Amino acid sequence: MISIGLTGWGDHDSLYTPNLPAREKLREYAGYFPTVEVDSSFYAIQPKQNATKWFNDTPETFKFIVKAYQGMTGHMRGPIPFKNKTEMFQAFIQSLEPYEHKLAMVLFQFPPWFDCKRENVTYLRWCKEQMGETPCALEFRHQSWFTPEMTQKTLDFMKKEGWIHSICDEPQAGLSSIPTILDTLNNENVLVRFHGRNVHGWNKVKGQDWREVRYLYRYNKQELEQWAENLKELNKQCDNVYAVFNNNSGGDAADNAKEMIDLLGIEYDDLAPRQLDLF
């Protein structure tokens, strides 16, 4: 199955009826897409009541991709608000309990300064041990993991440790970007994340908030058609392909995701009921 969705559900205004309260957006989102990436979990470990509400707001077959907390991936500057990292991981794992069977995976996206060296490989092993049986996807942001001499070693390591591959479509803009590698690593799950191809905006632009420019990109039909074929090929290699669009600096993610569903000829039959149009 190929499940198309978006990163987050709050900022995609083209999906929602005007003036829709934020608390109602996920319920309406689930009328369009069968999966979503939870990004609020990156900024703070979410209270269980939030995940419980999200669980109740979505259909039985809906799937959540939950982004790992920033303290777990080294994004946080300064001390973590826990006694130690073990306590932090335990708190995060407990926050996942309400998702139950709707949890597709946890996404560990590491920062651009997390490069390929022994201490970081050791930390990845430790992370996987802490997460136990929870399915976890791994996404790098430093090119050193995928140099010609390291690519196969990185993939072999991920496969051996049981990581789900997070395949990226993103600008090739120096050390802080990685190439697209169409390898599922296993026959169960793979994640694809569409970051857009804004080369100029990928690295920090002086005087601008990176969120305003990094993901400012709209995929054209030819690019989507190529990726539709890629997704079909990935689905031949594994049972479940999760593909989420993150190119929303200009509000393009939802439209591109709907275009991808049309190109693939998918009709999801277990979405939430949609609000009826006036005419």
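**Close-up 1. Burial on the two faces of strand E5 in the predicted model.** Strand E5, which spans residues 136–139, is covered on both of its faces in this predicted model. Cys 136 and Leu 138 are buried on one side, while Ala 137 and Glu 139 are buried on the other. In a regular strand, side chains alternate between the two faces of the sheet.

**Close-up 2. Pairing of strand E5 with strands E4 and E6.** Strand E4, residues 103–109, runs parallel to E5 and is joined to E5 by 4 bridges; in this pairing, Gln 109 has Glu 139 of E5 as its bridge partner. Strand E6, residues 164–169, also pairs with E5 in the parallel sense, here over 2 bridges, and the bridge partner of Ala 137 in E6 is Ile 164. Ala 137 and Glu 139, which thus appear in these bridges, are the two residues buried on one side of E5.

**Close-up 3. The β-α-β crossovers that lead into and out of E5.** A right-handed β-α-β unit is made by E4, helix H6 (residues 118–131) and E5. From E5 the chain then crosses through helix H7, residues 151–161, to E6, and this β-α-β crossover is right-handed.

**Close-up 4. The crossing of helices H5 and H6.** The axes of helix H5, residues 85–95, and of H6 come within 10 Å and cross at roughly 45°, and H5 is therefore oblique to H6. The crossing in which H5 passes H6 is right-handed. On the H5 side, the residues in contact are Lys 85, Thr 86, Phe 89, Phe 92 and Ile 93, and these meet Tyr 123, Trp 126, Cys 127, Gln 130 and Met 131 of H6.

**Close-up 5. The closed barrel and the packing of helix H11.** The 8 strands form a closed barrel in the order E1-E2-E3-E4-E5-E6-E7-E8, with parallel pairing, and the twist from one strand to the next averages 25°. Within this barrel, E6 and strand E7, residues 189–194, run parallel and are joined by 4 bridges, with Phe 194 in E7 as the bridge partner of Asp 169. Helix H11, residues 253–264, packs on the sheet, where H11 touches strand E1 (2–7), E7 and strand E8 (240–245). The direction of H11 makes about 175° with that of E1.

Notes: Residues are numbered from 1 along each chain as its sequence is written. This is a predicted model: local features need pLDDT of at least 70, side-chain atom pairs count only at pLDDT 80 or more; totals for chains, interfaces and linings use all residues. Side-chain values use heavy atoms; hydrogens and water are left out. Buried means under 20% relative accessible area, exposed over 50%, partly exposed in between (1.4 Å probe, protein chains only). Two strands pair if DSSP finds at least two bridges between them. A crossover is right-handed if, with the strands pointing away from the viewer, the path from the first strand over the helix to the second runs clockwise. Axes are lines fitted to C-alpha atoms, for helices over the stretch in contact, and angles run from 0 to 180 degrees between N-to-C directions. Angles under 35 degrees count as roughly parallel, over 145 as roughly antiparallel, 65 to 115 as roughly perpendicular and the rest as oblique. A crossing is left-handed if the near helix is turned anticlockwise from the far one by less than a right angle, and right-handed if clockwise. Contact means heavy atoms within 4.5 Å.
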